[in-house]
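Okay, thanks for coming, everyone. I'd like to walk you through one structure today, so let me put it up on the screen.

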Amino acid sequence: MVEVPDTDSGGNPGTGTGEGQGTGKGLDTGKPPHAVAPAQAPGDARVGEATRGRKPAVAPRRGAADPVKALMRRHRELCERAVDPLEIAAGLEAHGITDRTAARFRHRDVFSLAEEMFARVPRDADTAPRPESPVTPPARRAEWIVRALLPGAVCAATLAGLHLTHGQVRLAVTAVGVIALILAVRAALTRGPLSARRRGPASAAPATGVRVWTCWLLAYAVLGDGLLTAVAAGGPDTLPTAAADSAWPVDTAALTALTVSCAPAAWSAQLLVSGARRRLTASRGLQEFAAAVRPLLLGAFVLYLAALAGLHALAAAVLDEPAAYARTLSLGALLLLARLLATHGFRRAPALVLGVAAAAEASALSALLGARLPGCAFLATPVQALLDGWGPGGVPVLVCGTGALTLLIHASRRLTRASAHAPARARGDDRC
């Protein structure tokens with residue numbers, strides 16, 4: 001008898017394995033006897049080979065394992081309104097997030113964290129990108145240059161009118177000139193690099209205080225030394241009257257130099273802003289940005305003081321008055337630093353320092369007047385010692401110099417932050 005080998009449904013010899021092997025029955029595979037495995041199409045083979053070398057797609061981090069998503073939810077408005085990653089980085093720094101904090105979000109610095117947050121915000125396809133290097137239009141640049149030159153021109157015209165008039169006409173020219181000068185200074189500070197663009201109810205009180213203290217400091221620079229000398233010499237009995245032809249000395253050279261210096265102050269502020277924006281684009285860390293901006297801030301500050309010294313020397317020579325460099329430079333430095341801080345959103349510290357400086361100068365006059373009361377001679381001791389050692393100009397030099405040094409230290413910490421040079425919407429209001 002011939003043994004017939006097992007065959008599958010296609011008539012091919014079996015493999016010799018399986019439950020039905022060695023029997024006369026067909027293979028029991030649980031499938032119909034005529035079932036055939038589907039053949040793989042050539043296209044499917046090529047797709048399989050092409051996808052075999054690819055890395056599997058990484059699913060985005062979600063939930064507790066995605067700290068960046070939680071941070072984006074916390075700063076949702078900042079991420080949606082930002083037009084570039086630099087604005088998000090500045091806003092994060094303004095909220096206290098540093099490079100060390102960014103490490104908890106699996107990033108080496110705030111800039112790389114801001115780049116991921118900016119990339120993960122859904123945006124419209126037709127959203128116009130922000131220009132990389134915005135350029136100030138020539139018309140706007142010419143406008144703020146004219147505004148910056150306006151206070152000096154008004155001051156020079158007022159002084160010329162005072163030298164050409166006498167009596168009641170001279171008083172009228174003085175009143176009109178003071179009002180025009182205040183309006184000119186306000187116009188110079190409204191537009192351009194020295195303008196504080198953000199307005200709000202919370203900033204109204206500091207802004208008003210800064211204006212009042214600034215007017216007092218400028219008035220003291222013009223009349224303070226002569227008034228202090230007259231009060232120290234004999235008290236209220238020696239004060240000049242309106243009928244007196246020769247009042248106490250008036251320092252018009254200092255006022256002229258300070259008003260004309262609005263132009264170099266605006267130029268220094270523009271130099272700081274443009275340089276900081278370029279360094280913000282090139283920096284890759286907050287510490288690197290601060291180290292790059294700090295020399296720029298000091299350079300702009302020194303350039304302004306050099307320009308102010310030259311203007312004061314020129315004004316003193318033209319007006320034939322003694323040049324009080326220390327007093328003028330200390331006051332100019334104080335006003336410049338206060339304005340730079342206010343322009344970049346830090347209003348409270350300048351208002352406080354200017355208020356303390358104005359109060360100190362007023363206290364010097366009050367102490368000399370109060371010493372005339374019985375038993376109160378001790379009140380004039382510190383002021384009289386300062387007058388004997390440094391002269392009447394020692395009071396504003398000491399007061400304004402201390403205030404300028406305080407604001408310089410404060411500015412070296414605040415104005416070297418990326419958030420100080422971000423758009424207003426990425427910053428907090430009325431910061432110290």
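Let's start at A265, which is buried, with a relative accessible area of 7%. Buried here means under 20% relative accessible area, exposed means over 50%, and partly exposed is in between, using a 1.4 Å probe and protein chains only. Before I go on, a word on the source: this is a predicted model, where local features need pLDDT of at least 70 and side-chain atom pairs count only at pLDDT 80 or more, while totals for chains, interfaces and linings use all residues. Residues are numbered from 1 along each chain as its sequence is written, and side-chain values use heavy atoms, with hydrogens and water left out.

Back to A265, then. You'll find A265 in helix α11, residues 262-282. Helices are DSSP runs of H or I with at least four residues, strands are runs of E with at least two, and both are numbered from the N terminus. Leaving aside residues up to four places away in sequence, A265 touches L194, Y304 and L336; a contact means heavy atoms within 4.5 Å. A265 also sits 9.9 Å from A333, C-alpha to C-alpha, with the two positions 68 residues apart in sequence.

Zooming out for a second: the protein chain has 16 helices and zero strands. Of its 432 residues, 40% count as buried. And if you take contacts between residues at least 6 apart in sequence, 74% of them join residues at least 24 apart.

A333 comes up again in a helix pair. It is one of the α13 residues that meet α16, along with L334, L337 and L341, among others. On the α16 side, the residues in that meeting include C400, G401, G403 and A404. How do α13 and α16 pack? The angle is about 30 degrees, and the axes are 8 Å apart. Those axes are lines fitted to C-alpha atoms, for helices over the stretch in contact, and angles run from 0 to 180 degrees between N-to-C directions. The crossing of α13 past α16 is left-handed, meaning the near helix is turned anticlockwise from the far one by less than a right angle; clockwise would be right-handed.

Just ahead of α13 there's a loop to look at. D320 is in the loop between α12 (286-319) and α13 (325-343). D320 has a positive phi of about 60 degrees, although it is not a glycine. Is D320 buried or exposed? It counts as exposed, at 70% relative accessibility.

Now over to α2, residues 67-74, where V68, L71 and M72 are buried. Looking down the axis of α2, the buried residues fall within an arc of 100 degrees, so they line one face of the helix. That arc is taken from the directions from the helix axis to the C-beta atoms. R73 and R74 are exposed, on the face turned away from the buried side. And what do the buried residues of α2 pack against? They pack against α3 (76-81), α4 (85-94) and α6 (110-120).

L71 has another partner, I97, which also touches H75, L92, V110 and L286, not counting residues up to four places away in sequence. I97 is in the loop between α4 and α5 (99-102), and it is buried at 8% relative accessible area. The C-alpha atoms of I97 and V110 are 7.4 Å apart, with the two residues 13 apart along the chain.

On to the cores. A nonpolar core is a set of buried Ala, Val, Leu, Ile, Met, Phe, Trp, Tyr and Cys residues joined through side-chain atoms within 4.5 Å. The largest one has 75 residues, and L92, L113, M117, L217, L334 and L415 touch the most other members. A second, separate core of eight residues includes V154, L162, L181 and L255. L162 is in helix α7, residues 138-164, and counts as buried at 17% relative accessibility. Its contacts are R170, V173 and T174, again not counting residues up to four places away in sequence.

Last one, cysteines. How many disulfides does a search of the whole structure find? Zero, where a disulfide is a pair of cysteine sulfur atoms within 2.5 Å. Take C155: the closest cysteine sulfur is in C262, and at 10.0 Å that's too far for a bond. C155 is buried too, with a relative accessible area of 3%.
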